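User: I would like a close look at a single part of this model, with the reasoning set out step by step. Please start with the part I ask about and then work outward to whatever surrounds it.

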Amino acid sequence: MRVIAKRTLKKFWEIPAYSDAQAPIESWYEETIKANWVTPQAIKSQYANASICRNNRVVFNIGGNKYRLIVEIQYQAGIVWVKFVGTHAQYDKINVEDVNEY
(Lines give C-alpha, C1' and ligand atoms only; values in the text may rest on other atoms or scores of the structure.)
Protein backbone atom coordinates (compact mmCIF):
# COMPACT_ATOMS: atom_id res chain seq x y z
CA MET A 1 0.00 0.00 0.00
CA ARG A 2 1.09 3.57 -0.59
CA VAL A 3 0.67 5.79 2.46
CA ILE A 4 -0.06 9.49 1.97
CA ALA A 5 1.58 11.09 3.86
CA LYS A 6 4.28 9.88 6.20
CA ARG A 7 5.18 13.51 6.82
CA THR A 8 1.85 13.94 8.63
CA LEU A 9 2.65 11.06 10.94
CA LYS A 10 6.16 12.39 11.58
CA LYS A 11 4.82 15.85 12.32
CA PHE A 12 2.62 14.32 15.03
CA TRP A 13 5.31 12.28 16.81
CA GLU A 14 7.72 15.23 16.69
CA ILE A 15 5.46 17.07 19.13
CA PRO A 16 7.25 16.48 22.45
CA ALA A 17 4.09 15.37 24.26
CA TYR A 18 3.53 12.64 21.64
CA SER A 19 7.09 11.43 21.09
CA ASP A 20 6.16 8.02 22.50
CA ALA A 21 3.94 7.55 19.43
CA GLN A 22 6.92 7.37 17.07
CA ALA A 23 7.76 3.66 17.42
CA PRO A 24 4.18 2.34 17.17
CA ILE A 25 3.35 4.67 14.26
CA GLU A 26 6.51 3.68 12.41
CA SER A 27 5.64 0.00 12.97
CA TRP A 28 2.15 0.58 11.57
CA TYR A 29 3.64 2.44 8.59
CA GLU A 30 6.15 -0.32 7.78
CA GLU A 31 3.47 -3.02 8.00
CA THR A 32 1.10 -0.96 5.86
CA ILE A 33 3.51 -0.28 3.01
CA LYS A 34 4.10 -4.04 2.79
CA ALA A 35 0.39 -4.90 2.91
CA ASN A 36 -1.95 -5.58 0.01
CA TRP A 37 -5.35 -4.71 1.42
CA VAL A 38 -8.00 -5.26 -1.23
CA THR A 39 -10.96 -5.43 1.17
CA PRO A 40 -11.77 -4.29 4.69
CA GLN A 41 -11.65 -7.95 5.72
CA ALA A 42 -7.97 -8.05 4.75
CA ILE A 43 -7.31 -5.25 7.24
CA LYS A 44 -9.30 -7.00 9.96
CA SER A 45 -7.30 -10.19 9.44
CA GLN A 46 -4.09 -8.23 10.11
CA TYR A 47 -5.48 -5.78 12.68
CA ALA A 48 -8.35 -7.38 14.57
CA ASN A 49 -8.91 -4.22 16.63
CA ALA A 50 -9.19 -1.92 13.62
CA SER A 51 -12.61 -0.33 13.18
CA ILE A 52 -14.04 -0.35 9.67
CA CYS A 53 -16.20 2.75 9.12
CA ARG A 54 -18.16 4.36 6.31
CA ASN A 55 -16.54 6.29 3.46
CA ASN A 56 -13.70 3.74 3.28
CA ARG A 57 -12.40 4.95 6.63
CA VAL A 58 -10.51 2.74 9.05
CA VAL A 59 -9.54 3.56 12.63
CA PHE A 60 -6.38 1.99 14.03
CA ASN A 61 -5.50 1.84 17.72
CA ILE A 62 -1.89 2.94 18.12
CA GLY A 63 0.37 2.61 21.15
CA GLY A 64 -1.91 0.44 23.26
CA ASN A 65 -4.97 2.51 22.30
CA LYS A 66 -3.37 5.74 23.57
CA TYR A 67 -3.50 7.15 20.04
CA ARG A 68 -5.90 6.81 17.14
CA LEU A 69 -5.08 6.88 13.45
CA ILE A 70 -7.82 7.39 10.88
CA VAL A 71 -7.15 6.62 7.25
CA GLU A 72 -9.19 6.52 4.09
CA ILE A 73 -8.39 3.67 1.75
CA GLN A 74 -8.78 3.38 -1.98
CA TYR A 75 -8.50 -0.38 -2.18
CA GLN A 76 -8.16 -0.84 -5.94
CA ALA A 77 -5.45 1.82 -6.24
CA GLY A 78 -3.65 0.62 -3.12
CA ILE A 79 -3.62 4.05 -1.49
CA VAL A 80 -3.97 4.86 2.22
CA TRP A 81 -4.60 8.52 3.05
CA VAL A 82 -3.89 9.68 6.59
CA LYS A 83 -6.90 11.72 7.70
CA PHE A 84 -6.27 12.07 11.43
CA VAL A 85 -3.73 11.12 14.04
CA GLY A 86 -4.22 12.12 17.64
CA THR A 87 -4.85 11.09 21.20
CA HIS A 88 -7.85 9.06 22.20
CA ALA A 89 -9.34 12.22 23.80
CA GLN A 90 -8.87 14.21 20.56
CA TYR A 91 -10.42 11.36 18.60
CA ASP A 92 -13.53 11.46 20.81
CA LYS A 93 -14.19 15.04 19.60
CA ILE A 94 -14.22 14.37 15.86
CA ASN A 95 -16.41 12.65 13.27
CA VAL A 96 -14.54 9.68 11.81
CA GLU A 97 -16.46 9.75 8.55
CA ASP A 98 -15.57 13.29 7.52
CA VAL A 99 -12.48 14.36 9.44
CA ASN A 100 -9.76 15.67 7.17
CA GLU A 101 -7.29 17.38 9.46
CA TYR A 102 -4.25 16.82 7.30
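Which exposed residues are carried by the face of α2 that is turned away from its buried side?

Analyst: In this predicted model, the face of α2 that is turned away from its buried side carries the exposed residues Ala23 and Lys34. The opposite face is the one to follow inward, and on α2 the buried residues are Ile25, Trp28, Tyr29 and Thr32. These four cover an arc of only 100° around the axis, which puts them on the same side of α2. A general property of helices helps in reading that pattern: an α-helix has 3.6 residues a turn, so residues three or four places apart point the same way. The length of the helix can be checked as well, because at 1.5 Å a residue the 13 residues of α2 should span 18 Å, and its end C-alpha atoms are indeed 18 Å apart, which agrees.

The buried residues of α2 are covered by parts of the structure that include β1 (2–4), α1, β3 (57–62), β4 and β5. Two of these residues show what that cover consists of. Ile25, which has its place in helix α2, counts as buried because its relative accessibility is 1%, under the 20% cut-off. Leaving aside neighbours within four places in sequence, Ile25 is in contact with Leu9, Phe12, Trp13, Ile62 and Val85. The C-alpha atoms of Ile25 and Lys6 are 19 residues apart along the chain and are separated by 9.6 Å. Trp28, with residues up to four places away in sequence not counted, touches Val3, Leu9, Tyr47, Phe60, Ile62, Leu69, Val71 and Val80.

Several of these names return in the largest nonpolar core, where, of its 26 residues, Leu9, Trp28, Trp37, Phe60, Leu69 and Ile73 touch the most other members. At least two residues of this core come from each of α1, α2, β3, β4 and β5, and β4 gives the most, with 4 residues. A second, separate core has 6 residues, among them Ile70, Phe84, Tyr91 and Val99. As a general point, nonpolar side chains in soluble globular proteins tend to be buried together.

The helix α1 (residues 6–13) forms part of the cover over α2, and the residues of α1 that are buried are Thr8, Leu9, Phe12 and Trp13. Seen down the axis of α1, these buried residues fall within an arc of 130°, so they line one face of the helix, while Arg7 and Lys11 are exposed on the other side of α1. The packing partners of the buried residues of α1 are α2 (22–34), β4 (67–74), β5 (79–87) and α4 (88–91). α1 also lies across β1, β4 and β5, and runs at about 15° to β5.

The strands behind these contacts belong to an open sheet of 5 strands, in the order β1-β5-β4-β3-β2, with mixed pairing. Its edge strands are β1 and β2 (51–52), each of which pairs on one side only. Within the sheet, β4 is worth following in detail: 6 of its 8 residues are buried, so β4 is largely enclosed by the rest of the structure. β4 runs antiparallel to β5, to which it is joined by 8 bridges, and 6 bridges join β3 to β4, also antiparallel. Leu69, which Trp28 touches, stands opposite Val85 in β5, and Leu69 is also the bridge partner in β4 of Phe60.

The two turns beside β4 each contain a glycine with an unusual sign of phi to note. In the hairpin of β3 and β4, which has 4 residues between the strands, Gly63 takes a positive phi near 65°. In the hairpin of β4 and β5, with 4 residues between the strands, Gly78 takes a positive phi near 70°. Gly78, found in the loop between β4 and β5, counts as buried because its relative accessibility is 16%. Apart from its neighbours within four places in sequence, Gly78 is in contact with Met1 and Arg2. Gly78 and Trp37 are 41 residues apart in sequence, with 7.2 Å between them in space, C-alpha to C-alpha.

To return to the question, Ala23 and Lys34 are exposed on the face of α2 that is turned away from its buried side, whereas Ile25, Trp28, Tyr29 and Thr32 are buried.

Notes
Residues numbered from 1 in each chain as written. Predicted model: local features only at pLDDT ≥ 70, side-chain atom pairs only at ≥ 80, totals over all residues. Heavy atoms only, no water. Buried < 20%, exposed > 50% of the residue type's maximum accessible area, 1.4 Å probe, protein only. Arc of directions from axis to C-beta. Contact = heavy atoms within 4.5 Å. Expected span 1.5 Å × (residues − 1). Core = buried A, V, L, I, M, F, W, Y, C linked by side-chain atoms within 4.5 Å. Pairing = 2+ DSSP bridges. Axes fitted to C-alpha atoms, helices over the stretch in contact; angles between N-to-C directions.
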